[in-house]
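Biologist: I'd like to walk through this protein with you, one question at a time. Could you keep it friendly for a first-year student?

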Amino acid sequence: MHVMAGFCDHAIAMSMSLLCMVFFCVCFLSISAELQRFEQPIKPNGSLSFLVVGDWGRRGYFNQSKVADQMGRIGEKLGIDFVVSTGDNFYEDGLTSINDPVFEKSFTKIYSAKSLQKQWYSVLGNHDYRGDVEAQLNPILGKVDSRWFCQRSFVINSEIVEIFFVDTTPFVDKYFLRPKHHTYDWRGVLPRKEYLTKLSKDLDSALGDSTANWKIVVGHHTVRSIGHHGDTMELVMQLLPILEEHSVDMYINGHDHCLEHLTSTSSNIQFLTSGGGSKAWKGNIGKFQDPVKFYYDGQGFMSVELKQAEAKIVFYDIFGKVLHNFDLSKELYSNM
C-alpha cells in the first residue's frame with residue numbers, strides 16, 4: 001500500500017508538472033508569435049485606396065452617422081479596397097461579449113453604404129481594453145459581420161504597400177499604474193514587459209524584412225500630436241526609433257478626437273491622426289509649431305490613394321468637404 005501510495009503521489013506530481021509545462025508553453029506562445037501576415041489584392045491598374053476612421057463606436061450619436069454617410073460617398077467615388085479603423089471601436093467600455101448588441105448598433109447598422117461593404121482592418125484602443133478584449137478579437141464576430149477583422153498586431157501585404165498594425169495600448173504606463181476607476185482586460189498581454197519586448201522585436205524584424213515601396217504603421221495612440229492627449233512619450237521612446245530606422249512613410253493613429261497632419265524634423269515620416277469618427281473635442285488644441293501642416297478639431301475621416309510611386313492623402317469633414325490634402329512621391333529603384 002505504501003508503494004502504491006508513493007507511486008500515486010509521484011504520478012500526481014508528474015501530472016501537475018506536465019500541466020504547468022503545458023500552461024507555460026501556451027502563455028509563452030501567446031507572447032512569442034510573430035506578426036501574422038494577410039494578403040490584400042490591389043486593383044488591376046496597380047493602385048490601392050482605402051479610408052481611415054477612428055474613435056467612432058457611439059451607436060450613431062455625436063455625428064457618427066454623418067461621418068459614415070460621407071465615408072460611403074467618398075468610398076464609392078474612390079472605389080476603395082478596404083477601411084482602416086484606428087481603434088476605440090466601441091464606447092465607452094468596449095464590448096461586453098461576442099453577443100453585445102453594441103457591435104451591430106455601432107458598426108453594422110451605421111456603416112451600411114454599399115461602398116463600405118469591404119474588409120475593415122481594426123486595432124484596439126484604450127476604450128476597447130476596458131471591455132471584453134477577447135470578444136473583439138473573436139472570429140465569431142466575422143460571422144456576424146464578414147467585414148470585421150481585428151487583431152492585436154498584424155501585417156497587411158498589398159504588393160505596393162505593407163501596413164503594420166500595432167497594439168499600442170499596452171505601451172502606455174498610466175493604464176497600468178493609474179487606472180483610476182477603470183478596469184482593463186489585460187488577458188494576452190501579461191507579463192507586460194515580455195509582451196512589449198516581443199512586439200517591438202517582431203515589428204522591427206517585419207519592417208526590416210519589408211521590400212514594399214510604401215511602409216505604413218497604424219496604431220491607436222499618437223506619436224506626435226498637438227491635440228488633447230499630445231505626444232505619447234512611451235511611443236516616442238520605444239516605437240519612434242523603430243519607425244525612423246526603417247524609413248516608415250506614414251504613422252496613422254486615432255486617440256486624439258481630431259484630424260491632423262504633422263511632419264517630422266528628423267525623418268520623412270508623416271504623422272496622421274484620424275480620430276474624428278464621432279465625438280470631437282472642440283477647441284482642445286495645443287500650440288501650433290513648425291511641423292504642423294493641418295489640424296481640425298471636429299469630426300471627419302481621411303482617405304489614402306496609393307500607386308507604386310505616388311500617394312495622395314485627403315481629410316474630409318462631416319459634409320464631405322475637403323479640409324486638407326497632400327501628395328507624396330518617391331523614386332523607383334530598379335534591380336537591373
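Biologist: In the lining of the second largest pocket, how many residues are charged?

Modeller: Keep in mind that we're looking at a predicted model. The second largest pocket holds about 390 Å³ of space, and 20 residues line it. Split by class, that lining has 5 nonpolar residues, 7 polar ones and, for the class you asked about, 8 charged.

Biologist: And which residues lie nearest the centre of that pocket?

Modeller: Out of the 20 lining residues, five names come up for that spot. Nearest the centre of the second largest pocket are N126, H127, R130, K174 and H229.

Biologist: Let's zoom out. How much of the protein is made up of buried residues?

Modeller: The protein has 9 helices and 15 strands. Take contacts between residues at least 6 apart in sequence: 72% of them join residues at least 24 apart. As for burial, the chain has 336 residues, and the buried share is 55%.

Biologist: Which residues have the most contacts inside the largest nonpolar core?

Modeller: That core has 64 residues. The element that gives the most to this core is α7, with 6 residues. There's also a second, separate core of 30 residues, with Y121, V123, F315 and F326 among its members. Back in the largest core, the residues with the most contacts inside it are M71, Y111 and Y251.

Biologist: M71 sounds worth a stop. Leaving aside its neighbours within four places in sequence, what is M71 in contact with?

Modeller: M71 is one of the buried residues of α2, along with others including V67, A68 and I74. Once sequence neighbours within four places are set aside, the contacts of M71 are L51, V53, V83, Y111, S115, L116, W120 and F301.

Biologist: What do the buried residues of α2 pack against?

Modeller: First, the helix itself: α2 has 15 residues and reaches 21 Å from its first C-alpha to its last, close to the 21 Å expected. Just after α2, G79 takes a positive phi of about 60 degrees. The buried residues of α2 pack against β2, β3, α3, β4, β13 and β14.

Biologist: A311 sits in β14. Is A311 buried or exposed?

Modeller: A311 contacts W214, M250, E305, L306, F326, D327 and L328, if we skip neighbours within four places in sequence. A311 and L48 are 263 residues apart along the chain, yet their C-alpha atoms are separated by 9.6 Å. The relative accessibility of A311 is 3%, and the cut-off for the lower class is under 20%, so A311 counts as buried.

Biologist: E162 is in strand β7. Why does E162 count as buried?

Modeller: Leaving aside neighbours within four places in sequence, E162 is in contact with R37, V155, I156, N157, S210, A212, W214, K215 and I216. The class itself comes from accessibility: E162 counts as buried because its relative accessibility is 5%.

Biologist: How far apart are the C-alpha atoms of G275 and W56?

Modeller: G275 is in the loop between β11 and β12, and at 0% relative accessibility it counts as buried. Not counting residues up to four places away, G275 touches G54, D55, N253, G254, D256, H257, C258 and L259. G275 and W56 are 219 residues apart along the chain, and their C-alpha atoms are separated by 7.7 Å.

Biologist: Now for some backbone angles. What is phi of E159 near?

Modeller: E159 is in the loop between β6 and β7. At 62% relative accessibility, E159 counts as exposed. Its phi is positive in a residue other than glycine, near 70 degrees.

Biologist: And R59, which also has a positive phi: which class of accessibility does R59 fall in?

Modeller: R59 is in the loop between β2 and α2, with a phi near 55 degrees. Its relative accessibility is 44%, so R59 counts as partly exposed.

Biologist: Last one: which residue does a cis peptide bond join to L190?

Modeller: One cis peptide bond joins Y91 and E92, with omega about -5 degrees, and E92 is in the loop between β3 and α3. For L190, omega of the cis bond is about -5 degrees. The partner lies in the loop between α6 and α7, and its name is P191.

Terms used:
Residues numbered from 1 in each chain as written. Predicted model: local features only at pLDDT ≥ 70, side-chain atom pairs only at ≥ 80, totals over all residues. Heavy atoms only, no water. Helix = DSSP H or I, 4+ residues; strand = E, 2+ residues; numbered from the N terminus. Buried < 20%, exposed > 50% of the residue type's maximum accessible area, 1.4 Å probe, protein only. Contact = heavy atoms within 4.5 Å. 1 Å grid on protein atoms, 1.4 Å probe; cavity = no way out; pocket = protein on both sides within 12 Å on 5 of 7 lines; lining within 4 Å. Points joined across faces, edges and corners; volume = space filled by probe spheres on them. Nonpolar A, V, L, I, M, F, W, Y, C, P; charged D, E, K, R; others polar. Expected span 1.5 Å × (residues − 1). Core = buried A, V, L, I, M, F, W, Y, C linked by side-chain atoms within 4.5 Å.
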